[in-house]
Amino acid sequence: MCGIIGYIGFRSAKEVLLKSLKRLEYRGYDSAGVAIVDGKINVAKKKGYIDSLEFDFDGTLGIGHTRWATHGVPEDRNAHPFLDCKGEIAIVHNGIIENYMELKEKLIKEGHKFKSDTDSEVIAHLIEEHYNGNLKEAFFKAIKELKGSFAIVAISKNERKIMAAKKDSPLVIGVGDHENFVASDIPAFLEYTNRVIVMRDGEISELTEDFVHFYDFNGNEINKEVQIVEWSIEDAEKSGYEHFMLKEIYEQPFALDSTLHSLLSRNDMNFDFGRVTIVACGTSYHAGLVGKYIIEELLRIPVEVYYASEYRYRPNVADNSLAIFITQSGETADTIAAARKAKASGNETLAITNVVGSSITNYVDKVIYTNAGPEIGVAATKTFTAQLMALEYFAIKAGESMGKLSASHARDLLNSLRKVPMYVENTLNLNGIIKKEAEKIHKRKDMFFIARGMNYPIALEGALKMKEISYIHAEGYPAGELKHGPLALIEEDIPVIALVPEDITYDKMLSNIKEVSARNAYVIGVSSSEDVGKYVDTLIKVPSTEPHLSPFVNVVVLQLLAYHTAKLLGREIDKPRNLAKSVTVE
Ligand code: AGP
């Protein structure tokens, strides 16, 4: 998975490409590169962050790339853009070319010389093979030969145009005045234009400064509509916060309010199903696990939750099940593959995503958008709580439409959701206390997060956040399971973060806390009950909520704890090692 940008117009391509790449850096940061046309094609590319890319050429037509390595180690030679043999054509690619070995062998026999270990380089040579002075023609021919997933942008030194193709990797067009843009994501060009056209799978676009034309892979022209994007570039920038992650944690009250309001305006939330299957990865999977508790409680129907990467090993089952796919980016390859499988098995499908027009929306019957705004930090925060909001709302509306909830019960539940932004706002006021706890625990090698019931997935999420950005080994456990093995790992001063909501899990959680305290663990209790203070080393007293809403406040504490711990350790919080924001490989 990578970020790509193409620009044609009147501005300095160097400036546009570098700024855009910075905004795409969340998609991968193993290497960065640009190609700019100025009589010839000038290329600069380098392993590492965009800031390390230095060059002094410029022009008004160019392409850029920021890479998350799949084929070929992160080295200068594997950085994009790639050129053909003559240096007349340059391409950038996001995705995986599945038949690249076969194509490469054929092209080598034709005399092409390759310089990288990547699958992507084959595209430049394939276009060259078909090139007869007409980039558009050669591009169409080359695309037809590719198998796999791709967003490709190509330029030639001989023609003032950009060609772009999309299949299973995102690509959006930014429409300007006497300038046009093509990129993996809207923030890349939002500073210059808010007029956007989302490309669909199987589409090719041709851009000059004065027009953008769209075609299917067979060359038939397609008409597409321009959409106006309402969010500003400030929404996608740090607004004075030290990290995107912290900004996004603090944006949660607003993101939750805006998600709820966009949901309340919908009148198409009628459902009829006998079971639910939820499929997702990482943090979105944890939202799915919370969703299981919510849906089973309100609808009294069985819910299964799968990791998307495991769902493929499930036999095809058409079981009157509604299959829900949760993915903030809408681009996670495993989740998209699972959605395709569920649909092929005859299930009704629903996606919950934060990105309008993202790939997952092409493969499902219905979409619920969270309205959290762009999330740049690799660690998902505001999109997670927005997903919880969407699941709460979905369960209430489904319960109502299926006759499982009375109108007045549904109304009471919806009213309780309106208080969530305030609960989260009040939890953010605990930042100072949470930071002090991070100071106490940040040098530890291991940590445990424990909870029961619908907060058990929050314990998993707390551990994931801690691992992901602080690199400390952290385990999330159902508190009742400790004595079945992990208790052997509890030793003096090991931090145990225990979530103790005032619900049916309360008494049992206190017993589990006693078990770890007896082994001299350092216990941080997260609870709205003052009483919990008697059993723990430190109590982080969160706002009291309706029992089903405690995950919203508890997860905010764990997000801040992970953030401060990672900061004290000097980690790259927004871009943790080995990770990328959207994982478009299976
Ligand atoms: C969360 O902090 C992680 N970065 C990761 O687990 C993420 O939630 C996962 O990759 C799924 O992404 P998606 O929601 O975009 O599908």
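1. A polar contact is a pair of N or O atoms within 3.5 Å, one able to donate a hydrogen and the other to accept it. By that criterion, 1 residue pair is in polar contact between domain 1 and domain 3, with both residues at pLDDT 80 or more. The model under discussion is predicted.

2. The chain is assigned three domains: domain 1 covers 3-234, domain 2 covers 243-418 and domain 3 covers 428-586. Between the C-alpha centres of domain 1 and domain 3 the separation is 43 Å. Each of these two domains places residues in the contact, 10 from domain 1 and 10 from domain 3.

3. About 960 Å² is buried between domain 1 and domain 3, and carbon and sulfur atoms account for 56% of that area. On the domain 1 side, Tyr26, Tyr29 and Trp68 provide 53% of the area buried against domain 3, more than any other three residues.

4. The rule identifies 1 salt bridge across the interface of domain 1 and domain 3. Glutamate 25 and lysine 575 form a salt bridge through their side chains, at 2.9 Å from N to O. The side of domain 1 that touches domain 3 comprises 5 nonpolar, 3 polar and 2 charged residues.

5. An open, antiparallel sheet of 7 strands follows the order 5-6-7-8-12-13-14. Strand 5 (82-83) and strand 14 (221-222) are the edges; each has a single partner strand, so one side of each lacks a neighbour in the sheet.

6. Within the sheet order, strand 12 is followed by strand 13. Strand 12 (residues 203-207) and strand 13 (residues 212-216) run antiparallel and are joined by 5 bridges. Serine 205 lies opposite phenylalanine 214 of strand 13.

Key. Residues numbered from 1 in each chain as written. Predicted model: local features only at pLDDT ≥ 70, side-chain atom pairs only at ≥ 80, totals over all residues. Heavy atoms only, no water. Domains from an automatic or database assignment. Contact = heavy atoms within 4.5 Å. Buried area = accessible area lost by both parts, 1.4 Å probe. Salt bridge = Lys/Arg side-chain N within 4 Å of Asp/Glu carboxyl O. Polar contact = N/O pair within 3.5 Å; in protein donor to acceptor, adjacent residues only side chain to side chain. Nonpolar A, V, L, I, M, F, W, Y, C, P; charged D, E, K, R; others polar. Pairing = 2+ DSSP bridges. Helix = DSSP H or I, 4+ residues; strand = E, 2+ residues; numbered from the N terminus.
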